[in-house]
Amino acid sequence: MKEEQLLNYLKANCAGRRNIQTRAQLQRRLGLNKDQLTSLVHRMRCKGLPIAGGSGGYFYAENAGELHATIRWLEKRSEEHTSELQSL
């Protein structure tokens with residue numbers, strides 16, 4: 001249910017980068033904590049839903065460019081985590 005609620009909210013209120021909302025805003029509006037929101041976004045992305053975002057928050061991608069920017073941001077984060085793990 002929460003996944004559908006988040007998807008509907010993003011489509012209606014956060015379509016395109018110009019309508020990005022911070023994690024804190026989404027958490028308050030949807031009654032979620034940080035871990036719940038992060039988990040929902042992860043699951044939705046794994047299902048192929050175009051949930052875009054970055055350090056500023058999340059939004060529903062309207063075009064390939066917005067998705068590509070999100071992919072680049074996720075790849076950078078992944079490389080940083082890999083580097084941290086290798087350093088331990």
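Let's start with the largest pocket. It holds about 300 Å³ of space. Keep in mind that this is a predicted model.

Who lines the largest pocket? Here is the roll call: R23, K34, T38, S39, V41, H42, R45, C46, Y58, W73, L74 and R77. Sort that lining by class. You get five nonpolar residues, four charged and three polar.

Now, which helices supply the lining? Two of them, α3 and α4, give at least two residues each. Helix α3 covers residues 34–46, and α4 covers 64–87. Which one has the largest share? That is α3, with seven residues of the lining.

Next, helix packing. Take α1, residues 2–13, and α2, residues 23–30. Their axes sit 11 Å apart, and the packing angle is about 120 degrees. Is that parallel, perpendicular or oblique? Roughly perpendicular stops at 115 degrees, and roughly antiparallel needs over 145. So α1 is oblique to α2. The crossing of α1 past α2 is right-handed.

Look at the side of α1 that does the work here. From α1 come K2, Q5, L6, Y9 and L10. They meet L26, R29 and L30 of α2. By class, the residues of this contact are five nonpolar, two charged and one polar.

On to α1 and α3. Their axes come within 10 Å, and they cross at roughly 80 degrees. Angles from 65 to 115 degrees count as roughly perpendicular. Therefore α1 and α3 are roughly perpendicular to each other. On the α1 side, the contact uses K2, E3, L6 and L7. On the α3 side, look for L37, L40, V41, R43 and M44. What classes are these? Six are nonpolar, three are charged, and none is polar.

Let me tie this together with a few residues. K2 and L6 of α1 appear in the contact with α2, and K2 and L6 also appear in the contact with α3. V41 of α3 touches α1's side of the story, and V41 also lines the largest pocket. Find those three in the structure.

Notes:
Residues are numbered from 1 along each chain as its sequence is written. This is a predicted model: local features need pLDDT of at least 70, side-chain atom pairs count only at pLDDT 80 or more; totals for chains, interfaces and linings use all residues. Side-chain values use heavy atoms; hydrogens and water are left out. On a 1 Å grid over the protein atoms alone, a cavity is a set of points where a 1.4 Å probe fits but cannot get out, and a pocket is an open set with protein on both sides within 12 Å along at least five of seven lines; lining residues have an atom within 4 Å of a point. Grid points are joined across faces, edges and corners, and a volume is the space filled by probe spheres set on the points. Helices (H or I, at least four residues) and strands (E, at least two) are DSSP runs, numbered from the N terminus. Ala, Val, Leu, Ile, Met, Phe, Trp, Tyr, Cys and Pro count as nonpolar, Asp, Glu, Lys and Arg as charged, and the others, Gly among them, as polar. Axes are lines fitted to C-alpha atoms, for helices over the stretch in contact, and angles run from 0 to 180 degrees between N-to-C directions. Angles under 35 degrees count as roughly parallel, over 145 as roughly antiparallel, 65 to 115 as roughly perpendicular and the rest as oblique. A crossing is left-handed if the near helix is turned anticlockwise from the far one by less than a right angle, and right-handed if clockwise. Contact means heavy atoms within 4.5 Å.
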